[in-house]
Amino acid sequence: MTTDGPLRPGGKPVTNQAPVDLTSPLDHAPISEQEYLLAPLLWPRSVPEKIYRWIIYLSVVSPDLPAWNTQTYTELRDRTLVDPHGGGAGPRRAASTTPPASSGVDHPLSQSEDSTWSRFFALEEVRATVDKDVMRAYPEDDFFQTPETQAALSNILCLYTLHQRVPYRQGMHELCAVLYWLVHEERTGAQTAADREALTYYLYDALMRLQGFLFERDHAVKHSTRFFHVFLRAIDDELYRHLAALGLEPHLFGIRWLRLLFAREFSLHTLVDLWDGLLCMQRSHPNAWADHLGYFAASVMEASRHHLMQDDYAAVMRAAMHYASPLTGTDVVLQAVQFRHRFAPVVFDLDQRAQAAAQAAAAAASAGSPPTRATRGGPAAAAAAVGSRRKSADSAFPGFLPSSRSSVLAALTATDPAAAAATAAADPLGTSTGGGASLGGGPPRVVRNAARGALKALLGSTGALSSSTLGGSGAAANGGGGSRGELRPLDDLAVPAGSDPLASPGR
């Protein structure tokens, strides 16, 4: 594919013209630009021209992104990354032994914020921290060890820190490195080094508007706990209870997963496919970034289920801390879409109960009667508390939906026998009443057609999608409604305009 507009040499303003020759990778039938933008959630393989789409996806949170400009970036960089010695903006400067003559307030001892020296010392303090991380980024990849790459990453991170007044935190360099690598991979022949650095800065700035909150205070710990106790429990109650009984603490691995967007769990080529689907889902639901991360984290964990179901605490921790995924990036995306479609109501219910429980605990603590603290995790503690933890897992969220289909139908029968009979007849295999049921004892099998059928329900109100994009005239309805293996026309999977069965609250 070639592009005509969004990524022009010289950093000229970007247009919204789609790449030419847009065809389905399955039967090479022409597709529309809208279908192309949705391709990461539909195609069972890597989709080319990611940078073009990411500019559009991220323009939801950064409206100025499509008008990025190299000249504007260069002027901003030169104003911010000052050097009284007269060196360049790169991290390797030949410092002059004789500083230029200073007059007035602009001298090395000046404390004025307008002083060039004062700004220079602030820059040096930030750069000293940034450069340590930049030199350690992906040490196994020669691309990240070149002086040009390290200088560009250092400039971008220092400029973002000083211009946006956002403290640099360890891990930010890995997000920036992934963006710079992808820009280099797709735009080397069409753009200069200055253009690639400028584009990476604007992409990084837009991404941090979504991701930056996880680097603040204890947000990463909070959302790691939420992913474990809400999303994983809703999707795979059996795995959740097993890990809770072992005393696994989700923040030990969840902070890294969520902050770095799984950058250390996948190779770069696989990772950018995962990010492609994550950003595409964010464009469809702009106010639910934390929810998207929860579904993707659950999908990543399910891929290693057979390792996590061991009874040895140390082995489970190794599987979580040194993750090796058998899935591709597109597999993770399609499975996350399917999870969102099937379990969004259960996630919403658990989320509400968790918030109510937290408010009750806070009220009890303020009244002077704090709740009993649970035993902390660890091999010895887990061995002594397995039975009590299994009971406490049942009562952690009062009124949690039953995990088995029979329990769901029994509860429904007690209140509405007619509805229970209709549910059992319409869904004999229980595909729509999972309610946190186990997904099986082995590695999960990604039902790609089911995920595409689920996504059709998600996007039914955004416009018609051609059958060539979805890989045929119909999609298996497992996970999207209907019995397993049934083929249904795409029109049957559409939802009325204005209704969205997958909508869930934002963070």
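This is a short walk through a predicted model, from its nonpolar core to a cavity and then to a few individual residues.

Let's begin in the interior. The largest nonpolar core holds 118 residues, and among its members Tyr-204 and Trp-275 touch the most others. Tyr-204 is a good place to pause with the model open. Setting aside neighbours within four places in sequence, Tyr-204 is in contact with Ile-156, Leu-157 and Tyr-160, and also with Met-172, Leu-175, Cys-176 and Leu-179. Helix 5 covers residues 147-163 and helix 6 covers residues 172-187, which may help you find these partners on screen. As general background, nonpolar side chains in soluble globular proteins tend to be buried together.

Next, the empty space. A search of the whole structure turns up 1 cavity of 30 Å³ or more, and the space inside the largest cavity is about 40 Å³. Its lining is made by His-223, Arg-226, Phe-227, Phe-231, Leu-258, Ala-290, Leu-293 and Gly-294. Two elements each give two or more residues to this lining, namely helix 8 (219-235) and helix 12 (289-303). Helix 8 gives the most, with 4 residues. Sorted by class, the lining comprises 5 nonpolar, 2 polar and 1 charged residues.

Now for two loop residues with a backbone feature worth a look. Arg-165 sits in the loop between helix 5 and helix 6, and its phi is near 55°, a positive value in a residue other than glycine. Leu-261, found in the loop between helix 10 (251-259) and helix 11 (268-284), likewise has a phi near 55°. Are these residues buried or exposed? Arg-165 counts as exposed because its relative accessibility is 73%, over the 50% cut-off. Leu-261 has a relative accessible area of 1%, and since buried means under 20%, Leu-261 is therefore buried.

Finally, turn to helix 4, which spans residues 116-136 and includes Met-135. With a relative accessible area of 43%, Met-135 is partly exposed, because that value falls between the 20% and 50% limits. How many residues apart along the chain are Met-135 and His-173? They are 38 residues apart, and their C-alpha atoms are separated by 9.8 Å. For a last look, you might return to Tyr-204 and Trp-275, the residues that touch the most other members of the largest nonpolar core.

Methods
Residues are numbered from 1 along each chain as its sequence is written. This is a predicted model: local features need pLDDT of at least 70, side-chain atom pairs count only at pLDDT 80 or more; totals for chains, interfaces and linings use all residues. Side-chain values use heavy atoms; hydrogens and water are left out. A nonpolar core is a set of buried Ala, Val, Leu, Ile, Met, Phe, Trp, Tyr and Cys residues joined through side-chain atoms within 4.5 Å. Buried means under 20% relative accessible area, exposed over 50%, partly exposed in between (1.4 Å probe, protein chains only). Contact means heavy atoms within 4.5 Å. On a 1 Å grid over the protein atoms alone, a cavity is a set of points where a 1.4 Å probe fits but cannot get out, and a pocket is an open set with protein on both sides within 12 Å along at least five of seven lines; lining residues have an atom within 4 Å of a point. Grid points are joined across faces, edges and corners, and a volume is the space filled by probe spheres set on the points. Ala, Val, Leu, Ile, Met, Phe, Trp, Tyr, Cys and Pro count as nonpolar, Asp, Glu, Lys and Arg as charged, and the others, Gly among them, as polar.
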